[in-house]
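Let's walk through this one together, a question at a time. Have a look at the model first.

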Amino acid sequence: MQVTVYNCREFDEKELFLRYEKELGMELVLCADAPTLENINLSKGSACVDIITSKITRELMQAFYENGVRYLTTRTIGYDHIDLEAAKEFGIKVGNAPYGPNGVADYTVMLILMSIRKMKRIMERTNIQDYTLAGIQGRELKDLTVGVIGTGRIGRAVIRNLSGFGCRLLAYDLYEQEEVRQYAEYVPLEKLFGEADVITLHTPLTDENFHLINEKSIAEMKEGVVIINTARGALIDSGALISAIESGKIGAAGLDVVENEFGLYYYDHKSDILDNRELAILRGFPNVTVSHHMAFYTDNCVETVVRDSLMSCKLFLEGKENPWEVS
Ligand code: NAI
């Protein structure tokens with residue numbers, strides 16, 4: 001039962017892979033790099049390959065097929081990096097490994113609290129022993145209205161988390177969920193924009209909601225509104241966001257994702273001139289907290305994706321029903 005694992009991270013995944021290799025009675029070939037035509041031979045003898053977000057093109061798919069690979073699992077929720085047409089053509093099944101929504105939901109609440117309590121400014125001050133109070137007065141969540149856009153797995157977990165803080169909760173989604181009504185009121189988007197003190201985004205990026213937060217929608221919002229984005233960068237027009245922060249219309253932002261982050265995040269760029277002005281400007285504002293698309297990154301999440309990706313290979317190899325198979 002051999003599985004080739006690509007992009008195996010030494011610092012957090014390797015130990016888990018070795019543990020589950022033993023527990024599940026598998027034999028793993030571990031490779032630190034993404035699959036390429038140069039290292040594709042590591043998949044010879046493996047019917048299953050385990051990957052992360054690197055692009056699996058038709059060319060790679062064909063090479064996997066020729067090496068005898070029949071199942072591809074990705075240690076991620078999304079699988080749009082895999083050429084599913086090509087997978088179908090070569091008869092290679094594809095599976096994913098979803099992790100729970102709590103990591104991102106907790107992180108979202110943290111960004112909301114950091115934003116309304118001006119935590120970036122506070123931390124910068126204590127770092128230089130500036131213990132003054134002027135300019136760091138916060139607001140209490142119980143006095144605020146929070147608007148949650150997207151009430152899928154993560155949005156719902158955010159709403160459950162926030163329900164303990166006593167704030168008023170508004171929600172918007174294309175499809176409404178019964179559970180949400182216990183804690184929040186579904187309202188039209190315009191009402192949410194007009195009444196929320198904090199707006200948090202939890203939808204996938206689609207053609208319809210590209211730049212959902214733009215000059216026009218920002219104009220409909222309250223003065224000093226706080227914007228939180230742990231979903232996808234392009235839900236917000238960065239230029240419009242910057243202008244609104246400069247004018248004071250947007251009072252603070254917490255951004256785990258930004259437009260055009262691909263190729264920047266997860267790499268060490270400290271000596272580089274970055275090709276993303278908006279990120280540099282946003283990072284420089286005292287009321288904007290930026291992190292590098294890592295809201296998901298918890299011990300629970302990493303263990304879940306390592307374990308479930310291998311479990312799905314095992315079920316595939318044993319010809320059993322496989323709940324992780326997506327195509
Ligand atoms: P989900 O699929 O469970 O929920 C998405 C919800 O958005 C659904 O209820 C859907 O009806 C709704 N929706 C779609 N288009 C909409 C629109 N135009 N207007 C209003 N609602 C709309 O997804 P999940 O797992 O809750 O993920 C939410 C977002 O979080 C996604 O963008 C995902 O990529 C992102 N994410 C970010 C992570 C991070 O580390 N920062 C990690 C995992 C997910």
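Q: Which helix gives the most to the lining of the second largest pocket?
A: This is a predicted model, where local features need pLDDT of at least 70, side-chain atom pairs count only at pLDDT 80 or more, and totals for chains, interfaces and linings use all residues. Residues are numbered from 1 along each chain as its sequence is written, and side-chain values use heavy atoms, with hydrogens and water left out. With four residues in the lining, the top contributor, spanning residues 277-284 (helices are DSSP runs of H or I, at least four residues, numbered from the N terminus), is helix 10.

Q: How much space lies in the second largest pocket?
A: A pocket is an open set of points on a 1 Å grid over the protein atoms alone, with protein on both sides within 12 Å along at least five of seven lines; lining residues have an atom within 4 Å of a point. Among the 17 lining residues, Y265, H269, L274, L279 and R283 are the closest to the centre of this pocket. Its space, counted as that filled by probe spheres set on grid points joined across faces, edges and corners, is about 430 Å³.

Q: What is the volume of the largest cavity?
A: A cavity is a set of grid points where a 1.4 Å probe fits but cannot get out, and the structure holds one of 30 Å³ or more. Residues including N229, E259 and L282 line the largest cavity. Its volume is about 50 Å³.

Q: What share of the ligand's exposed area does the protein bury?
A: An oxygen atom of the ligand sits 2.8 Å from a polar backbone atom of T203, and another contact puts a ligand oxygen 3.1 Å from a backbone N or O atom of F296; a polar contact is a pair of N or O atoms within 3.5 Å. Taken alone, the ligand exposes 870 Å² (Shrake-Rupley method, 1.4 Å probe), and the buried share is 83%.

Q: Which strands are at the edges of the open sheet?
A: Seven strands (DSSP runs of E, at least two residues) form this sheet in the order 8-7-6-9-10-11-12, with parallel pairing. Two strands pair if DSSP finds at least two bridges between them. Those that pair on one side only are strand 8 (185-186) and strand 12 (288-290).

Q: Which residue of strand 7 is the bridge partner of G147?
A: Strand 6 (residues 145-149) and strand 7 (residues 168-172) run parallel and pair over five bridges. The partner of G147 in strand 7 is L170.

Conventions: A polar contact is a pair of N or O atoms within 3.5 Å; within protein, one must be able to donate a hydrogen and the other to accept it, and residues adjacent in sequence count only if both atoms are side-chain atoms.
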